[in-house]
Amino acid sequence: MPAEFNAFDRLAMARALELAERGLATTHPNPRVGCVLARDGRIVGEGWHERAGEAHAEVMALSAAGAAAQGASAYVTLEPCSHFGRTPPCADALIQARIARVVFAIEDPNPRVSGAGALRLRQAGIEVESGLLARGAEELNVGYLSRMRRGRPWVRIKLAMSLDGRTALANGISRWITGEPARADVQLWRARSSAMLTGIGTVLADDPRLDVRSGAVQHQPLRVVLDSRLRTPPTARILAKPGEALLFSAIDEPVRRSALEQRGAVVERLAGSRADLGQVLARLAELETNEVMVEAGPTLAGAFLQAGLADELLLYIAPVLLGPQARALVQLPELADLAQGRRFSLMDMCALGADLRLRLRPA
């Protein structure tokens with residue numbers, strides 16, 4: 001039977017989710033995890049995982065609680081780990097602290113954990129329950145869960161358009177359709193991403209940096225360029241430090257490759273005459289990439305949509321009309337019937353200054 005949770009259980013797990021969110025831009029490639037310890041309806045310790053290689057949420061909470069941890073309930077947003085990685089198993093730490101009960105939101109699909117943490121706790125005589133506020137925990141770790149379950153990162157496509165669905169004037173000028181609040185919001189989504197991805201067309205036309213430029217930057221996402229013919233100029237700003245750049249090419253041109261590698265870029269050759277998006281995402285998963293944010297032109301954005309590889313759209317809408325000659329949002333095949341149109345579910349929307357942001361997922 002499903003576990004029954006009371007109001008305090010829900011309050012404690014909600015707090016654990018708040019704590020986990022503090023690691024939104026720092027835990028890569030690890031999941032974002034929070035932990036609350038409570039006894040007799042009172043929180044006695046709490047913690048969250050901040051970055052890979054440092055203490056996990058459970059260990060931080062145990063340290064904060066001290067002797068009060070004995071006999072307490074632990075509320076964790078993800079199943080406690082049971083394996084040795086960069087740090088010892090959290091399940092063992094909970095057992096050694098003589099925790100009485102562990103409630104976790106979702107099971108960890110990592111093959112090295114996946115039920116083993118819960119089993120170890122039960123074998124030690126600890127009461128274990130799961131499924132509390134699971135949806136919130138899933139949302140917090142969509143990229144990590146995607147990598148573990150599907151073998152590819154979560155793909156989020158950022159788009160900005162006018163009221164009539166245009167992204168730039170016919171001559172390519174697009175700065176700036178949206179205002180400063182919307183552009184600042186984009187920086188927050190970049191900060192939580194493991195990688196930024198674009199195409200060679202955008203690199204040649206706009207020379208973007210695709211880095212995080214807001215606040216105290218803890219982590220620069222990997223910058224990925226799909227460049228089938230290796231046309232990225234060695235002077236491109238996307239190759240500049242800090243951060244790392246990875247180029248996927250369909251050819252091996254030693255002179256061009258050497259020039260790019262001298263700038264610190266990594267060049268990988270893919271099979272085929274063009275970069276296969278599924279192959280690219282599989283390789284990024286191997287590199288422990290959780291969330292990929294695509295900032296590209298209409299051709300590449302359309303390719304992700306057509307291949308069914310777009311998990312989420314971040315659509316910024318500016319209150320301006322650009323006219324029918326301006327450039328379209330995405331390139332997709334012509335439809336013969338409205339029923340063939342790609343439909344999306346609205347996850348949330350918010351006003352950012354004069355602009356509107358929609359967060360959408362395929363219906």
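Modeller: Quick one before we start: pLDDT is the predictor's confidence in each residue, from 0 to 100. We need it because this is a predicted model.

Biologist: Fine. What is the mean pLDDT of the protein?

Modeller: Going residue by residue, 96% of them reach 70 or more. The mean pLDDT of the protein is 92.

Biologist: Which element has the lowest mean pLDDT?

Modeller: At the top end sits strand E12 (residues 291-294), whose mean of 98 is the highest among the elements. At the bottom, with a mean of 85, is strand E7 (residues 166-168).

Biologist: On to the open sheet of 5 strands: which strands are at its edges?

Modeller: The pairing in this open sheet is mixed, and the strand order is E2-E1-E3-E4-E5. An edge strand here pairs on one side only. That description fits strand E2 (42-48) and strand E5 (127-130).

Biologist: By how many degrees are neighbouring strands of this sheet turned against each other on average?

Modeller: Direction is ignored for this value. The average turn between neighbouring strands is 15 degrees.

Biologist: Which residues stand opposite Tyr75?

Modeller: Tyr75 belongs to E3, which is joined antiparallel to strand E1 (residues 34-39) by 4 bridges. E3 (residues 73-78) also runs parallel to strand E4 (residues 101-106), with 5 bridges between them. On the E1 side the residue opposite Tyr75 is Val36, and on the E4 side it is Val103.

Biologist: How many of the residues of E3 are buried?

Modeller: Buried means under 20% relative accessible area. E3 is largely enclosed by the rest of the structure, because the number of its residues that are buried is 6 of the 6.

Biologist: Is Asn110 buried or exposed?

Modeller: Asn110 is found in the loop between E4 and helix H4 (116-123). Leaving aside neighbours within four places in sequence, Asn110 is in contact with Tyr144 and Met148. Its relative accessibility is 8%, so with a cut-off of under 20% Asn110 counts as buried.

Biologist: What is the relative accessible area of Leu230?

Modeller: Leu230 lies in the loop between strand E9 (222-226) and strand E10 (245-249). Not counting residues up to four places away in sequence, Leu230 touches Ser249, Ile251, Glu253, Arg256, Arg257, Leu260 and Val267. Leu230 is buried, and its relative accessible area is 2%.

Biologist: How many Å apart in space are Leu230 and Ile200?

Modeller: In sequence, Leu230 and Ile200 are 30 residues apart. In space, C-alpha to C-alpha, the separation is 8.4 Å.

Biologist: Which element gives the most to the lining of the largest pocket?

Modeller: That pocket holds about 1600 Å³ of space. Its lining has 48 residues, and Thr202, Asp206, Glu295, Ala296 and Gly297 lie nearest its centre. The elements that give two or more residues include strand E6 (154-161), helix H8 (200-206) and helix H11 (298-306). The one that gives the most, with 7 residues, is H7.

Biologist: And which element gives the most to the lining of the largest cavity?

Modeller: A search of the whole structure finds 1 cavity of 30 Å³ or more, and about 120 Å³ of space lies in the largest cavity. Of its 20 lining residues, Thr27, His28, Arg32, Arg192 and Asn290 lie nearest the centre. The most, 3 residues, come from helix H6 (residues 142-150).

Conventions
Residues numbered from 1 in each chain as written. Predicted model: local features only at pLDDT ≥ 70, side-chain atom pairs only at ≥ 80, totals over all residues. Heavy atoms only, no water. Pairing = 2+ DSSP bridges. Axes fitted to C-alpha atoms, helices over the stretch in contact; angles between N-to-C directions. Buried < 20%, exposed > 50% of the residue type's maximum accessible area, 1.4 Å probe, protein only. Contact = heavy atoms within 4.5 Å. 1 Å grid on protein atoms, 1.4 Å probe; cavity = no way out; pocket = protein on both sides within 12 Å on 5 of 7 lines; lining within 4 Å. Points joined across faces, edges and corners; volume = space filled by probe spheres on them.
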